[in-house]
Every structure is written in C-alpha cells, then in structure tokens.
Amino acid sequence: MKKLPIRFFLAILSTCGFAQESITGTIPDWSGGSGEVAVMAMGPPQVLGTFDDMGNLEIPLKTDMLAEVKKQVEAANEGSTEGWKASLKTLGDSFSCSGGELEVVNGEQPISGFPSMGAFMLVNMEQKKRFGYLMVGSSKDFADGMVPYKFKPGYFLEWYFVEEAGSVKGNCSMESYAVNQKDLYTKTTTYDLELKKGWNIVKYEIHEVYTDGEGNSYPMNDSYSTIDSIPSEVKFVFMED
C-alpha cells in the first residue's frame, strides 16, 4: 500500500460486529458524505458495501462469494489474449512460505476474500471520487507503518470465504537482508489458520520488527491466525487520499 498524505479519523468502533450476514461499523466524525466500500479488481473498483454521511458502513458477507468471483475470472478470460489466463487463488497458494514446511489441509480448494493488505477503499462511484483507504486494525501508528521500511507492531483483519473446512499450520523462517544489503536478520512467520466452511476472520499481526542501521524497519516476527470475532479494541483507521 503506497504512502499517502494522511489525515486520520481514528476511533474504537461504537458499533461493530461479525456475523454470517455482514460487517458493520461506524467511523465517528465522518464528514465526507456517502459512498461505497470497495477493493481494486480486474477493471473498475469492486463494490463490497456502502457507508452513509454519518460514517455508518455495512459490508454484506455474501454466501455466493466464490461463485461471483468465478464469474469475474471467466469474464476476464474471455477477453484475454496471447494465452494469458486469470485463475482463482487456492488456500495453499494464499498462505505459503519458503524456509519451512506447513501442514495444509484442503489446500487445493479456491479461496476468496477482502481486503488486500488490510485496506478497503472508500469511494463514490457516481461522482467517480476516491476518499482514501480504510483499515480495520489495531492502531493509527500501525496503519501508518504499512509501507515499505516503516513497519510497526500491530495487526489488521481480513475476511476469507472457503467452501470446505481447511487449515494451514506451522512456522517458516528465512534469512533476509535489509534494503541496505548489509544488515541480515531472520524473518519468522507463524501460521495458525483453522478455516471453517463459509466466512472467516483472519488476523495478520506483526509481533516484532527489525530495525537496520539506517532506521528502516521490517517485519521480523509475524503471524496469520483465524479468530472467532472482531476484537473489542479494534479501530477503523481512515487514510485520506
């Protein structure tokens, strides 16, 4: 996610919940008007939900999520040239790593979800206007750090849909060089994903960062885990475009 000129609307959600039907929440002090919650897609932004002029938002969790994505892939492939084809990601492809072995169950099944790298887009499709990005996560500082070499401890949430139960478990470690190509550190990623059929909340968390001699920071100890509900301390962080 690129670094943006940022004005933060930051708040613990006054109303936020996870259920089979939708994600709901409120951004206090919102003054940008109404619009849509979206993600980048193959073409125009893909609208996921809406928000009103008070900052109340709702993102339906559709039970036919994968069917819709499959149609999008088929449509994209109809117009493809030179043999390039789009395809659905699998569970095993989405959560993998080098430098270790993972125990994966039902890893060949397709998986779909949102948002990528924890950031939704807030737009007004009718006015062709983009307000900025919205992260459901731990803090303003963490969201601000989700750019290369400014990483900080914290977490964001994503939502994933699978048609069968599956899991990804294990640890991966690899030696990594800092951008200066001098400092060497060990990056370790832990996977504790137990996905049930339907929608799942996945928490990506940076537990510890490595800081090189120039002050750049990198995820050194991070993890992916499934959680049963949205944490009570979660915040919606708005990053103005």
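The protein has three helices and 16 strands, both taken as DSSP runs numbered from the N terminus (helices: H or I, at least four residues; strands: E, at least two). The model is predicted, so local features need pLDDT of at least 70 and side-chain atom pairs count only at pLDDT 80 or more, while totals for chains, interfaces and linings use all residues. Residues are numbered from 1 along each chain as its sequence is written, and side-chain values use heavy atoms, with hydrogens and water left out.

**Exercise 1. Find the disulfide and state where its two cysteines lie.**

Step 1. Apply the rule: a disulfide is a pair of cysteine sulfur atoms within 2.5 Å. The count is one disulfide.

Step 2. Name the pair. C97 and C172 form the disulfide, with 1.6 Å between their sulfur atoms.

Step 3. Place both residues. C97 is in the loop between α2 (91-94) and β7 (102-105), and C172 is in strand β12 (residues 166-177). The two are 75 residues apart, and the pair links distant parts of the chain.

Step 4. Recall the chemistry. A disulfide is a covalent bond between the sulfur atoms of two cysteines.

Step 5. Classify the exposure (buried: under 20% relative accessible area; exposed: over 50%; partly exposed: in between; 1.4 Å probe, protein chains only). C97, at 30%, is partly exposed, whereas C172, at 3%, is buried.

**Exercise 2. Describe the pairing of Y185 and Y210.**

Step 1. Apply the rule: rings of Phe, Tyr and Trp (its six-membered ring) pair if their centres lie within 6.5 Å; planes under 30 degrees apart are stacked, over 60 edge-to-face, and the rest tilted. The protein has 18 aromatic pairs.

Step 2. Check the geometry. The ring centres of Y185 and Y210 are 4.8 Å apart and the planes differ by 10 degrees, which makes the pair stacked.

Step 3. Place the residues. Y185 belongs to strand β13 (residues 184-195) and Y210 to strand β14 (residues 198-211), 25 residues apart.

Step 4. Add exposure. Y185 has a relative accessible area of 8%, so Y185 is buried.

**Exercise 3. Describe the surroundings of K203.**

Step 1. Locate the residue. K203 lies in strand β14 and is buried at 17% relative accessible area.

Step 2. List contacts (heavy atoms within 4.5 Å). Leaving out residues up to four places away in sequence, K203 touches Y155, F156, L157, S223, Y224, S225 and I227.

Step 3. Test for a charge over a ring (NZ of Lys or CZ of Arg within 6 Å of the ring centre and within 35 degrees of the ring normal). The charged end of K203 sits over the ring of Y155, 4.5 Å from its centre.
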